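Visitor: I should be grateful for a close look at one strand of this model, its surroundings and its partners. Please then place it beside other parts of the chain.

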Amino acid sequence: MDFSIKSLDAKNTIAAAKTGCVVVAVYENKKLSPAAHALDSKGEISAAVKSGDISGKTGSTLLVRKINGVAAERVLLVGLGKDQASDKDFSTAMQSVARVLGSLGTTDALIALPANAVQGRDAAWALRSAVLAIRENGYRFDTLKSKKDPAAAGVKKLAFAVPAADAVAAREAIAQSVALANGMDLTKDLGNLPGNYCTPTYLANTAKKLAKDYKLTVEVLDRKQLEALKMGSFLSVTNGSDEPPKFIVLKHMGAKAKDAPTVLVGKGITFDSGGISLKAGSGMDEMKYDMCGAASVLGTFRAIAEMKLKLNVIGVIASCENMPNGRATKPGDIVTSMSGQTIEVLNTDAEGRLVLCDALTYVERFKPAVVVDIATLTGACVTSLGNHNSGLFTRHDKAHDDLAVALLAAGKKTGDTAWRMPIEDAYQEQLKSNFADMANIGGPAGGSITAACFLERYTKSYTWAHLDIAGTAWRSGAAKGATGRPVPLLTTFLMDRAEAK
């Protein structure tokens, strides 16, 4: 999809715009948006609304052809509900528009929805929501099908109508939105690939390609280097797999060299069988998604690199498979992490924290401003928060509270929301071990919290937050597929940090 901006002024009006379709809004109270009113010189749109052909309810649509005094071949009316729509109402309306435009017999269209349609949101937010909805509607993953899905028909060129005075800012917002959508698509593609394609080596090669395309810096550490670093916890997870582990370090240095970097750490388990603590067979195919933390780091780098974001960002991905064989780590084994702390592995299916703890120790060398790790870490987080919010965990002091506020705000801006969960010493008690410094699980009670408490033990030297995306990184059932979350949250968080500098 090709996105652009069309400037409107006294000479270049919405009615005079030559396009295959122009999209305008109507409301439940039969009120027309300013753009719809501008096309209603002969009363045809008002008549359609008054007749009940379109209710104005959120997401309702009506396609009208050849309106007198309108240069566009078609006018698509879309319902926005109440005068001041909610975020969800606007997104729902845009999803409806995307579906209609995807099947129209024209290749170009113009969207002229009110920039102030949603209370508390600006035009940039509306443009981003529109771009993401349209890109999501057009996303297909048929790479591995022998017969590809039919090519999408409909609109290929889409312009957004804005006042001429706002055109420059709108173009910037569109460019950022497209970059974000590209990052989400990469994350979805990586998540949707099966484990026999998307291996740790595949993730490493993807990082190398990003580095080449966008002039980033990349380093990939292999087993011998990880052994030299004494990453015994990470390596204990990969013992049962024939696929070699990869430790990926990707750098986007968009600010001054002396500026402390923001570090993103992604869990990259490209397939999680559970190891010796083998998972149940039902639904195990979805464990290809256990690398979505890593995929979200790569997708975020794709977005910020395209934006040329003026911020120093380092991505660290610890990637391997968790498989059972004669070499695999056994329940009861004790491993030594890079930090020197020892871990009693009571359950080999709690492997994400075992790879992340060494990655979190490794990033100390960067003297980071803040560190955020992203992981499909626990089923317990899905039980707590469902599929709507990612779990956000961090310590409770001013620096960490500020980080939590920034991440939560970024999520609210994009609809890629998170919910803050507690980390308290009382939960740390559940990780006690009679034989090692800690156990890798704390029992079923508060499972997502004790997992975060485990990671917190490795982050004492910097400001840190953990995002558990087990409930938000992919969908199950008929709509099974990666969602691209939390790329919007992470990218917006980084954009906000760059703007605040």
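Guide: What follows begins with one strand and then turns to other strands, two helices and a cavity. The model is predicted, and local features are described only at pLDDT of at least 70, side-chain atom pairs counting only at pLDDT 80 or more, while totals for chains, interfaces and linings use all residues. Residues are numbered from 1 along each chain as its sequence is written, and side-chain values rest on heavy atoms, with hydrogens and water left out.

The strand chosen is β14, residues 390-394. Helices (H or I, at least four residues) and strands (E, at least two) are DSSP runs, numbered from the N terminus. Five of the five residues of β14 are buried, so the strand is largely enclosed by the rest of the structure; buried means under 20% relative accessible area, exposed over 50%, and partly exposed in between, with a 1.4 Å probe and protein chains only. In a regular strand the side chains alternate between the two faces of the sheet. In β14, Ser390, Leu392 and Thr394 point one way, Gly391 and Phe393 point the other way, and all are buried.

β14 has a parallel partner in β15 (residues 418-421), the two being joined over four bridges; strands count as paired if DSSP finds at least two bridges between them. Within this pairing, Leu392 faces Arg420 of β15. β14 also runs antiparallel to β17 (residues 464-468), again with four bridges, and there Phe393 has His466 as its bridge partner. Helix α12 (residues 398-414) completes a right-handed β-α-β unit with β14 and β15. A crossover is right-handed if, with the strands pointing away from the viewer, the path from the first strand over the helix to the second runs clockwise.

Parallel pairing also appears elsewhere in the chain. β2 (residues 22-26) and β5 (residues 108-111) pair in the parallel sense over two bridges, with Val22 opposite Leu110. β5 is in turn parallel to β6 (residues 157-163) over four bridges, and Asp108 stands opposite Lys157. The chain passes from β5 through helix α4 (residues 123-138) to β6 in a right-handed β-α-β crossover.

Two helices deserve attention as well. Helix α5 (residues 167-192) has 26 residues and should span 38 Å at 1.5 Å a residue, and the 37 Å between its end C-alpha atoms agrees with this; the expected span is 1.5 Å times one less than the number of residues. Of its 26 residues, 19 are buried, so α5 is largely enclosed by the rest of the structure. Ala181 belongs to α5 and is buried, with a relative accessible area of 2%. Helix α9 (residues 292-307) reaches 22 Å over its 16 residues, close to the 22 Å expected. α9 is mostly covered, with 15 of its 16 residues buried, and Lys308, which follows α9, has a positive phi near 55 degrees.

Finally, there is one cavity of 30 Å³ or more. A cavity is a set of points, on a 1 Å grid over the protein atoms alone, where a 1.4 Å probe fits but cannot get out, and lining residues have an atom within 4 Å of a point. The largest cavity has a volume of about 80 Å³, the volume being the space filled by probe spheres set on the points, which are joined across faces, edges and corners. Its lining comprises 14 residues, of which Ser236, Val237, Asn322, Thr329 and Thr348 lie nearest the centre.

Methods
On a 1 Å grid over the protein atoms alone, a cavity is a set of points where a 1.4 Å probe fits but cannot get out, and a pocket is an open set with protein on both sides within 12 Å along at least five of seven lines; lining residues have an atom within 4 Å of a point.
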